[in-house]
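Here are my notes on the model you sent over. I went from the overall fold down to a few spots that caught my eye.

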Amino acid sequence: MAVTFSRDEQIAFVEIDNAPVNAIGVAIRQGLLEAIDWIEGQGGLERVVLFGKGRVFAAGADVKEFDVAPIEPHLPDILSRIEACEIPWIGAAHGVALGAGLELFLACRYRISAPGTQLGSPEVILGVVPGAGATQRLPRLVGLEQALKMISIGKPVSAREALENGLVDEVAEDAVSHAQTFDLAKFGKRVAVSRLPNPEANVEAIKFARSAAAKRLKNQTAPQKAIDLVELATELPFEEAMKRERDCFLQIREGAEAKALRHIFFAERGARIPKWLGKTESEQLASVVIVGGGTMGAAIAYAISAIAKKITLIETDEDGVLRANENVNRIVQASLKRGLISKSQAEQRSSIIQATADYSKAGDANLAIEAAFESMEVKKTVFLALEKALPKQAILATNTSYLDIDKIAEILKNPSRLVGLHFFAPAHIMKLLEIVRGEKTSDVALATGYDLARKLGKIPVLAGVCDGFIGNRILARYREAADILLMDGTNPWELDEAMVEFGYAMGPYEAQDLSGLDIAFANRKRLAPMRDPNRRYILISDRMVEEGRLGRKTGVGWYRYPGGSGPVIDPLIEDLIREEAYFAKVERGEYDAPEIKRRLLLAMINEAAEILHEGIAQSASDIDLVTVSGYGFPRWRGGLMHYADQLGASAILKQLEELSDEDPLMWKPSSLIIKCVNEGIRFSEYQK
Ligand code: NAD
């Protein structure tokens with residue numbers, strides 16, 4: 001039963017029950033309709049209490065229904081009937097009331113909320129607009145400005161804020177009990193929210209919302225359309241505006257942007273421990289060792305301090321210990337300043353991270369994560385020490401970005417203990433976690449990685465062993481294609497601008513300046529002996545490093561950063577590129593933004609297809625997760641392979657074949673692309 005209803009003397013109870021989050025789908029809508037019919041047939045009722053079973057009131061509409069034609073009964077009609085009921089409905093929310101859940105709440109005559117409840121209209125995050133009245137009821141209830149804040153960027157408000165802005169009438173620990181007893185008369189005669197007067201027009205507030213949404217959800221259409229609809233609340237009668245809202249909702253959900261955002265939404269929800277591992281017990285995560293207290297180790301330690309009881313952070317010597325403590329402290333203070341943790345949480349989290357140079361202090365740990373220098377020798381030394389110091393069953397993980405984890409495992413007596421856990425910087429913020437499965441990695445080691453991801457709220461993606469795993473391997477091709485374009489006729493800023501236009505927050509050169517040019521340089525040097533001598537190699541990036549242009553940290557990289565500001569275009573770079581082209585006897589041409597985008601995206605898609613074909617990634621949607629959550633690929637494009645499927649394998653193959661005339665090694669089409677064309681399948685349909 002999706003909705004149950006009952007009465008106790010003068011109070012009727014309507015309970016929404018659709019685990020896990022009471023998503024409002026057809027069964028709930030049907031159930032609500034039956035509850036309304038039943039209530040209307042009862043006599044002697046004083047109030048109706050509407051609430052959700054389990055953890056939440058209702059987290060939104062059932063998104064699966066967005067892909068099919070609307071199914072009756074429709075939510076707006078149900079909400080009109082709730083509003084028209086003679087007996088007042090009282091919404092009692094706890095957990096979350098989001099999207100369609102908030103719209104249901106708004107149709108109630110009175111609204112009570114438990115503390116800690118999140119109330120919001122996050123539809124734009126899924127590329128749609130509200131479809132059951134939020135754009136009309138919310139501004140009538142809380143005013144234009146507040147409604148714009150909630151609807152245009154999809155950010156929810158807390159119960160306390162909702163009380164302040166009039167969205168809820170009262171906050172009570174037990175919202176359902178309170179809804180049964182509070183004095184209705186206290187609020188005077190109440191009309192339905194839809195009967196409240198239109199909110200006042202406010203041109204400035206609309207303008208502000210438009211520019212804030214354009215910044216926050218760049219290139220997306222749903223936020224601007226949602227703002228159009230909220231603005232209509234100031235002009236049109238409720239019924240007329242509701243029709244416009246519904247039409248817009250039904251139209252926008254069919255669009256490419258909404259489909260891409262739904263795709264990523266479902267991919268994220270599906271990113272969890274695979275079925276074949278599901279029953280494997282993971283190791284306990286109470287005591288964890290991290291080796292290396294630098295950029296990554298300190299941030300990983302901080303992230304895990306939220307879920308573990310003891311963290312031993314191992315450094316090489318006392319100076320290293322001091323630096324590690326400073327690094328951790330910097331992150332704790334920054335989180336405190338941003339209001340992400342309280343003062344007592346800051347103290348508690350700092351206190352459980354113990355930095356030391358002594359491995360014996362970590363004797364009881366069941367998981368160790370190595371984040372020392374990116375060197376095979378260093379990694380091997382660390383794992384030998386860990387093997388000696390830790391219990392035999394402890395899982396050993398490496399955060400290596402590129403190195404072969406099977407080679408690292410070779411030095412262990414029991415190589416099945418080793419797994420790759422590839423965090424992304426900053427490790428306490430970035431959601432992605434590549435779980436790298438070595439040839440001998442045990443199921444327990446993998447399950448422990450998944451368990452850690454779940455507890456940290458990260459998105460786990462399983463990857464096989466190769467240079468750079470999924471994400472960094474694609475990144476290497478992206479950079480290679482960009483460097484070739486630099487040499488052949490562009491400059492960093494034109495190239496960056498083209499990719500920003502595509503939807504990245506920053507282009508590849510500004511991003512390199514941020515992370516430091518020396519990391520990729522060291523990696524290119526490591527790979528030099530293995531490189532195909534016939535493959536084109538562009539020296540410009542190497543020269544940048546040799547000249548000390550390492551990016552932001554040296555104040556100069558592809559751009560200049562005078563006094564820490566910037567990026568500022570540096571004309572010297574153009575001279576440097578021209579000089580290199582002269583030495584390399586390259587006749588430079590011209591590339592416009594569409595051509596830059598086309599080449600960089602084709603290079604990435606081609607590599608990603610190989611990664612999928614080799615089984616390094618399990619599915620196209622795993623690559624989408626990696627590119628969106630770890631590498632800034634625009635979320636509203638659904639990830640690299642979702643985008644590739646929009647282009648179509650045939651069109652991609654044709655373009656690669658054309659480019660192969662220019663450089664057959666660089667543009668050799670992946671065998672998976674050929675396979676997809678021959679078999680007429682999409683990348684998303686490919687299974688190894
Ligand atoms: P870092 O240079 O900031 O920190 C490395 C730390 O390890 C230093 O504090 C160093 O003193 C310590 N260390 C070195 N040898 C050690 C040893 N034998 N025992 C104990 N501590 C030792 O480097 P980082 O950026 O934090 O990178 C660490 C690892 O994480 C590397 O393998 C890197 O490839 C990987 N990684 C880095 C990033 C990134 O963006 N920085 C992202 C993902 C993965």
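1. A quick definition before anything else: when I say two residues are in contact, I mean that they have heavy atoms within 4.5 Å. Keep in mind, too, that this is a predicted model.

2. With that in hand, take L277, which sits in the loop between α11 and β10 (287-291). Which residues does L277 touch, once its neighbours within four places in sequence are set aside? They are D443, L446, A447 and Y450. For A447, the C-alpha atoms of the pair are 6.6 Å apart in space, although their positions lie 170 residues apart in sequence. L277 is a loop residue, but it counts as buried because its relative accessibility is 0%, and the cut-off for buried is under 20%.

3. Zooming out, the chain has 28 helices and 19 strands. Is the radius of gyration what a compact globule would give, or not? For 688 residues the rule predicts a value near 26 Å, and the chain has 28 Å, so the two agree. The C-alpha trace spans about 85 × 60 × 55 Å along its principal axes.

4. Some bulk numbers for the chain. Buried residues account for 55% of the 688. If you take contacts between residues at least 6 apart in sequence, 73% of them join residues at least 24 apart. The accessible surface is about 30,100 Å², and carbon and sulfur atoms supply 53% of that. As for charge, there are 83 positive and 95 negative side chains, with the centres of the two sets 2 Å apart.

5. Helix α11 (residues 256-270) is worth a look. Its 15 residues should span 21 Å at 1.5 Å a residue, and the end C-alpha atoms are indeed 21 Å apart, so the length agrees. The buried residues of α11 are E257, A258, A260, L261, R262, I264 and A267, so you will find charged names in that list as well as A and L. As a reminder, an α-helix has 3.6 residues a turn, so residues three or four places apart point the same way. The buried set in α11 packs against α9 (222-232), α10 (238-252), α25 (620-631) and α26 (640-647).

6. That brings us to α26, which is mostly covered, with 6 of its 8 residues buried. Those are L640, M641, H642, Y643, A644 and D645. What covers them includes α11, α18 (471-488), α19 (492-502), α24 (593-613), α25 and α27 (649-660). Right after α26 comes G648, with a positive phi near 95°.

7. K379 is one I would point out at the bench. This lysine lies in helix α15 (residues 376-389), yet K379 counts as buried because its relative accessibility is 1%. Leaving out residues up to four places away in sequence, K379 touches E370, A372, F373, E374, T398, T400, L403 and I408.

8. Last, S442, in the loop between β16 (432-437) and α17 (443-456). Buried or exposed? S442 is buried, with a relative accessible area of 18%, the cut-off being under 20%. S442 and G471 are 29 residues apart in sequence, and their C-alpha atoms are 23 Å apart in space.

Conventions
Residues are numbered from 1 along each chain as its sequence is written. This is a predicted model: local features need pLDDT of at least 70, side-chain atom pairs count only at pLDDT 80 or more; totals for chains, interfaces and linings use all residues. Side-chain values use heavy atoms; hydrogens and water are left out. Helices (H or I, at least four residues) and strands (E, at least two) are DSSP runs, numbered from the N terminus. The radius of gyration is taken over C-alpha atoms; the globule rule is 2.2 Å times the number of residues to the power 0.38. Buried means under 20% relative accessible area, exposed over 50%, partly exposed in between (1.4 Å probe, protein chains only). Accessible areas come from the Shrake-Rupley method with a 1.4 Å probe; for residues, only the protein chains shown count as cover. Lys and Arg count as positive and Asp and Glu as negative; His and the chain ends are not counted. The place of a charge is taken as NZ of Lys, CZ of Arg, CG of Asp or CD of Glu. The expected span of a helix is 1.5 Å times one less than its number of residues.
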